[in-house]
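Here is a walk through one protein chain. Keep the structure open and follow along.

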Amino acid sequence: ENKDNEFTATEVLRSSKQILLRRLHDKEVEKDVQLAMKPILGTWMHFAMSNALEDEEDCIVEKRFRRPLTVFTKNGPETVEISGGVDLLYRDYNGLHIIDYKNTNQAKLDKAANGDDTSFLDQMYIYAWLVDYDLGERPVDGTIVGVNTLLRAGEVDIDDPQKRPIQLLSFDLMDFEYEEKLIEKIKTRIS
């Protein structure tokens, strides 16, 4: 961040009006750029991971899983299809594991980590439910690779969990009672 009496080499090549506007609205411009870059970063991250792991044995990269679900509507039972795109599914000696990449922010990661926001956990359970149906094998856990897209370069501090650009949130996916309640909630929402 520039002090009032400090100018970068790039800045001095701009007009006085550009310098003044940039300094007055630097935070808003930065926020707009971060928000605009978020989908681009997500696409790039998925592309990079897909290409890096596509030839690996015991890895399934970027696969859409599907499963029928019977819901009860005012017209009687109806079968719908639930689907989800798993970023990475891999096997090791413990079993199957799901990895999902998220461009997110620190507040969302914190809420997920302390249980105030269950959307990441719920998504992992839905993926496990889909994979189990499709492959006949239950993933044992899931990990969110959270990329903090709102963290500025000067704010990165690997030693501070709040200022790491990438954080991992892992979830055990073997609580079948939780999953059953989640599926019932989904049935209610789409009935």
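The text starts with confidence, then takes up the sheet, the helices, the core and three single residues.

This is a predicted model. The protein chain averages a pLDDT of 81, and 75% of the residues score at least 70. Confidence varies among the elements. Helix α1, residues 16–53, has the lowest mean pLDDT, at 66. Helix α3 has the highest, at 94. Where pLDDT is low, the predicted coordinates should not be read in detail.

Turn to the sheet. It is open and has five strands, in the order β1-β2-β3-β4-β5. The pairing is mixed. Strands β1 and β5 stand at the edges. Each has a single partner strand, so one side of each is left without a neighbour in the sheet. From one strand to the next, the twist averages 35 degrees.

Look now at one pair of strands. Strand β4 covers residues 139–148 and pairs with β5 in the antiparallel sense. Seven bridges join β4 and β5. At one position, G142 has F171 of β5 as its bridge partner.

Two helices pack on this sheet. Helix α2 touches β3, β4 and β5. The direction of α2 makes about 25 degrees with that of β5. Helix α3 touches β1, β2, β3, β4 and β5. The direction of α3 makes about 95 degrees with that of β1.

What does the largest nonpolar core contain? It has 27 residues. Within this core, I98 and F171 have the most contacts. Several elements each supply at least two of its residues: strands β1 (59–73), β2 (76–92), β3 (95–104) and β5 (166–172), along with helices α2 (106–113), α3 (119–135) and α4 (176–190). Helix α3 gives the most, with 10 residues. In soluble globular proteins, nonpolar side chains tend to be buried together.

F171 links several of these parts. Leaving out residues up to four places away in sequence, F171 touches F120, L121 and M124. F171 also touches V140, D141, G142 and I144. Among these contacts is G142, the bridge partner of F171 already met in the sheet.

Next, take a polar residue. Is H97 buried or exposed? H97 lies in strand β3. Its relative accessible area is 5%, under the 20% cut-off, so H97 counts as buried. The side chain of H97 makes a polar contact of 2.7 Å with the side chain of D92. A polar atom of the H97 side chain also lies 3.3 Å from the backbone oxygen of G95. Apart from residues up to four places away in sequence, H97 touches L88, L89, Y90, D92, V140 and D141. D92 thus appears among the contacts of H97 and as its polar partner.

Q106 belongs to helix α2. Q106 has a relative accessible area of 12% and is buried. The side chains of Q106 and D110 are joined by a polar contact of 2.8 Å.

T79 gives the opposite case. T79 lies in strand β2. The relative accessibility of T79 is 54%; the cut-off for exposed is over 50%, so T79 counts as exposed. Leaving out residues up to four places away in sequence, T79 touches P68, L69 and T70. R67 is 12 residues from T79 in sequence, and their C-alpha atoms are 9.9 Å apart in space.

Methods: Residues are numbered from 1 along each chain as its sequence is written. This is a predicted model: local features need pLDDT of at least 70, side-chain atom pairs count only at pLDDT 80 or more; totals for chains, interfaces and linings use all residues. Side-chain values use heavy atoms; hydrogens and water are left out. A nonpolar core is a set of buried Ala, Val, Leu, Ile, Met, Phe, Trp, Tyr and Cys residues joined through side-chain atoms within 4.5 Å. Buried means under 20% relative accessible area, exposed over 50%, partly exposed in between (1.4 Å probe, protein chains only). Helices (H or I, at least four residues) and strands (E, at least two) are DSSP runs, numbered from the N terminus. Contact means heavy atoms within 4.5 Å. A polar contact is a pair of N or O atoms within 3.5 Å; within protein, one must be able to donate a hydrogen and the other to accept it, and residues adjacent in sequence count only if both atoms are side-chain atoms. Two strands pair if DSSP finds at least two bridges between them. Axes are lines fitted to C-alpha atoms, for helices over the stretch in contact, and angles run from 0 to 180 degrees between N-to-C directions. pLDDT is the predictor's confidence in each residue, from 0 to 100.
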